[in-house]
Structure formats: structure tokens, C-alpha cells
Amino acid sequence: MDRQTTGSYAETMPVEPQPSSTPSSIPFDASRIGAAAVYCSDGRFGEQVDELLVKTLKLPRYDRLAVPGGAACLAGHFAAYREEEGVSEQLRFLIEVHEIRSVVLIAHEACAYYTEWLHVPPTQLEARQREDLSKAIRHVKRFGIDIDVAAFFARRRGDRISFDRVDV
């Protein structure tokens, strides 16, 4: 979360008591589609990521791996070694057990994981993220020769998010 624009989370989002059980209005569909996405857990991009994956790429019910920095942890950063091990194992599990054949990697502009955790200067941020997406694509492809991997870079354009495809 961007600390400069939001202040304290507790100040902006009061916690309301929730009922002990809340039924979903959406029916459950047990079929799998064989797709997963790895993206940053920054909630400001969540609905737009869902729109890209479900409506544009036609991947309903995709498996989600939302972690700080998204695919950054699959790019071989020393500072992200533990995250890389964890996400790699989780993704390997999904590929095997859920028969994943398509993986989508998404990075977004102004990612705090890069600036705060990896200490990437803002002037080098997007170039590093695009380089990391390329590295992450190669990392994921090592899980299986028949895995299709696509990457996108998300940026704000006014009050909308635009997803640029990243080619390797």
C-alpha cells in the first residue's frame, strides 16, 4: 500500500463486524481451466487484474498467486530468495495438481516491493520490472515444456489501468 497517499490503513478503513456465515451469490463451478496468474498483492490493482484475466484473456476461475512484487520473486533476486522458493513450490504444485498449462505474470508501475524491499531507484523501476518479467518467464517455463507463459505491465492512465503485453 502506498503510505504517502493513504496514511494509516486503520484511519481509512474501519473494520465492521461480520456475520458468522455469509453465503455467496455465485454458484460453485468445480471445473478447472488450467491457468494461473502471479501478480502483486497490491489491492488497488485487483479488480483490473481480474478484468484482464477473466474478460480479456478469457480465463475464468484462474488459480491466483498474489504476493508482494508478484513475479519479482521469480527473477532471482538475492533479497527475495525465500519468496522465490515459496512461490516456486506453490506454482509447481498448481502446475502438477491443477494441471496448469497457462501462466500469466503481471507487474505494475510504482510497485513498493521494488522500491522498499529491493531498493530499486524510481528511475530504474520499470526497466527492472520488465527485465524481471523476462527472467520470471524463463523460470516458469522450466517447470514444463508445454506451459504457455504471458506477461503484462500495468500502468495508470488517468483513472484507468492499462495492461501492456511484455514480449521476451
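In which loop does glutamate 99 lie?

**Solution.** Glutamate 99 lies in the loop between H4 and E3; helices (H or I, at least four residues) and strands (E, at least two) are DSSP runs numbered from the N terminus. The structure is a predicted model, in which local features need pLDDT of at least 70 and side-chain atom pairs pLDDT 80 or more, while totals for chains, interfaces and linings use all residues. Residues are numbered from 1 along each chain as its sequence is written, and side-chain values use heavy atoms, with hydrogens and water left out.

**Backbone angles**

Task: find the sign of phi at glutamate 99 and at arginine 61, then give the exposure class of glutamate 99 and of arginine 61.

Step one. Glutamate 99 is not a glycine, yet its phi is positive, at about 55 degrees. Arginine 61, also not a glycine, has a positive phi of about 60 degrees and sits in the loop between H3 and E2.

Step two. Glutamate 99 counts as exposed because its relative accessible area is 57%, and arginine 61 counts as partly exposed because its value is 36%. The classes are buried (under 20% relative accessible area), exposed (over 50%) and partly exposed in between, with a 1.4 Å probe and protein chains only.

**Two buried polar residues**

Task: place serine 88 and aspartate 42, and list what their side chains reach.

Step one. Serine 88 belongs to helix H4 (residues 81-97). With a relative accessible area of 6%, serine 88 is therefore buried. Its side chain reaches the backbone oxygen of glutamate 84 at 2.8 Å. Not counting residues up to four places away in sequence, serine 88 touches Leu74, His139 and Phe143 (contact: heavy atoms within 4.5 Å).

Step two. Aspartate 42 is in the loop between E1 and helix H3 (46-56). Its relative accessible area is 12%, so aspartate 42 is buried. The side chain of aspartate 42 makes a polar contact with that of arginine 44, at 2.6 Å; such a contact is a pair of N or O atoms within 3.5 Å, one able to donate a hydrogen and the other to accept it, and residues adjacent in sequence count only if both atoms are side-chain atoms. Proline 68 is 26 residues from aspartate 42 in sequence, but the C-alpha to C-alpha distance is 7.0 Å.

**The nonpolar core**

Task: which residues of the largest nonpolar core touch the most other members?

Step one. The core has 34 residues, and Leu74, Leu91, Leu105 and Val140 touch the most other members. A nonpolar core is a set of buried Ala, Val, Leu, Ile, Met, Phe, Trp, Tyr and Cys residues joined through side-chain atoms within 4.5 Å.

Step two. The elements giving two or more residues to this core include strand E2 (63-67), helix H5 (112-117) and helix H6 (125-141). H6 gives the most, with 5 residues.

Step three. Leaving aside neighbours within four places in sequence, valine 140 contacts Leu74, Leu91, Val103, Leu105, Ile147 and Val149. Another core, of 15 residues, lies apart and has Ala37, Leu53, Phe152 and Phe163 among its members.

**The cavity**

Task: which strand gives the most residues to the lining of the largest cavity?

Step one. Strand E1 (35-40) and strand E3 (102-108) each supply at least two lining residues.

Step two. E3 gives the most, with 3 residues.
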